[in-house]
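Please open the model in a viewer and keep the sequence panel at hand. The stops below are given in the order in which they may be selected.

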Amino acid sequence: MLEFIQQFFTDGLFIPYGHCYLWKPSLLWLNILSDSLIALAYYSIPISLIYFAHKRKDLPFKNILLLFGAFIVSCGTTHIMEIWTIWHPTYWLSGSIKAITALLSVYTAMVLVPIIPQALALPSPAQLAASNAELKATLENLENTQAQLIQTEKISSLVKLVSGIAYEINNPTNFIYGNIHFAQEYVQNLLGLIALYKEQYPQPTSAIQTYIQEFDIDFIQEDIQKILSSIAIGATRIREVIIYLRKFSRLDEAEIKKVDIHQSIDSTLLLLQNRLKGQGKYPAIEIIKEYGNLPKISCYSKQLIEIWTIFFRYVGVSTAFCLIKQIYLQC
């Protein structure tokens, strides 16, 4: 065994391979440079493979890459031995390295064969790009659907809130609106009575004169009519608001029915009054309504209000009215 090991590494039993080249310098350097460059290339490839496998932790078939790298290293070593045996005929060592290279190559080929179908089943870059585009479109659709659901839920919650507010303020407002006319009539009668009293008794007692001067009865007679007129205007406006709110609170009706476009626009503008007011450097927006004689249309009133709300809130009031004008012209 020891003798075999000595023969394995000894170089005295054979002639160097340089004799086959007749020790011609040009031929020697040609083979030396060729084998050196090939060995250098073979050794650099496994380094790149190891670095790539280290960086890509999710890389499939990593073992086959490492096995392929070992095979390439052994191939490079055989070329180093080709240079070595030009001067040192250790052919047993060179042959053993070639045998190891052969075993690694056969084993790599055997391992590679069953992996080929799995590698072919991997998606191509074009397929991955198409899948990513499809996934992106699906996510966008999901976001749009989610936004629509949120908007619908907001409208539904707003409808319930508006319905409750309209119900709570409807009765007291109706009381004020229904009795303001009688209050004005009663005040007019009292003022007429005071005027008649002044006419019939131009010289009242000192106590009455002191009272008139203290409370300025003339100013009260003039101002109370203005106050009642303001109350009447305010009650009328509140009543109009309640009517619009009650119309808006019926937007959750699911069936298709005849809807007046003008009323739906008025209801939406009423809910967006704060956006029409001046804010900072932006002046207030004046709405001039010039409605045409459009017939009622069959639609879902809830969706129609949502359309106007989106127009006025996101598109802008002026742009929205331009779009509405185009719709009227097409109608």
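Begin by colouring the whole chain by pLDDT. This is a predicted model, with a mean pLDDT of 76 for the protein; 82% of its residues reach 70 or more. Where is confidence highest, and where is it lowest? Helix H2 (residues 25-55) has the highest mean, at 85, and helix H11 (residues 317-330) the lowest, at 48. Next, select residues 323-331, where pLDDT stays under 50. For this stretch the model has eleven contacts beyond four places in sequence. Where pLDDT is low, predicted coordinates should not be read in detail.

Now switch to a cartoon view of the entire protein. The secondary structure consists of eleven helices and two strands. Followed from the N terminus, the order of elements is α-α-α-α-α-α-α-β-α-α-β-α-α. The protein has 331 residues, of which 24% are buried. If one takes the contacts between residues at least 6 apart in sequence, 77% of them join residues at least 24 apart.

The next selection is tryptophan 23, which is located in the loop between helix H1 (2-9) and H2. Its phi angle is near 50 degrees, a positive value in a residue other than glycine. Is tryptophan 23 buried, partly exposed or exposed? Its relative accessible area is 32%, so tryptophan 23 is partly exposed.

From there, select H2 together with helix H3 (residues 62-84). Two packed helices are described by the angle between their axes and by the distance between those axes. For H2 and H3, the angle is about 160 degrees and the axes are 8 Å apart. The cut-off for roughly antiparallel is an angle over 145 degrees, and H2 and H3 are therefore roughly antiparallel to each other. Their crossing is left-handed. Which classes of residue form the contact of H2 with H3? There are 18 nonpolar, five polar and three charged residues in this contact.

Move on to threonine 101, in helix H4 (residues 91-121). Because its relative accessibility is 10%, threonine 101 counts as buried; the cut-off for that class is under 20%. To see what surrounds threonine 101, display Phe71, Ser74, Cys75 and Thr78, which it touches when residues up to four places away in sequence are not counted.

Glycine 234 is the next stop, and its place is in helix H7 (residues 217-248). With a relative accessibility of 29%, glycine 234 counts as partly exposed. Add isoleucine 176 to the selection: these two residues are 58 residues apart along the chain, and their C-alpha atoms are separated by 9.8 Å.

Finally, select isoleucine 256, in the loop between H7 and strand S1 (257-259). Which residues are in contact with isoleucine 256, its neighbours within four places in sequence left aside? They are Ser298, Cys299 and Tyr300. Isoleucine 297 may be added as well: it lies 41 residues from isoleucine 256 in sequence, and the C-alpha to C-alpha distance between the two is 9.6 Å.

Terms used:
Residues are numbered from 1 along each chain as its sequence is written. This is a predicted model: local features need pLDDT of at least 70, side-chain atom pairs count only at pLDDT 80 or more; totals for chains, interfaces and linings use all residues. Side-chain values use heavy atoms; hydrogens and water are left out. Helices (H or I, at least four residues) and strands (E, at least two) are DSSP runs, numbered from the N terminus. Buried means under 20% relative accessible area, exposed over 50%, partly exposed in between (1.4 Å probe, protein chains only). Contact means heavy atoms within 4.5 Å. pLDDT is the predictor's confidence in each residue, from 0 to 100. Axes are lines fitted to C-alpha atoms, for helices over the stretch in contact, and angles run from 0 to 180 degrees between N-to-C directions. Angles under 35 degrees count as roughly parallel, over 145 as roughly antiparallel, 65 to 115 as roughly perpendicular and the rest as oblique. A crossing is left-handed if the near helix is turned anticlockwise from the far one by less than a right angle, and right-handed if clockwise. Ala, Val, Leu, Ile, Met, Phe, Trp, Tyr, Cys and Pro count as nonpolar, Asp, Glu, Lys and Arg as charged, and the others, Gly among them, as polar.
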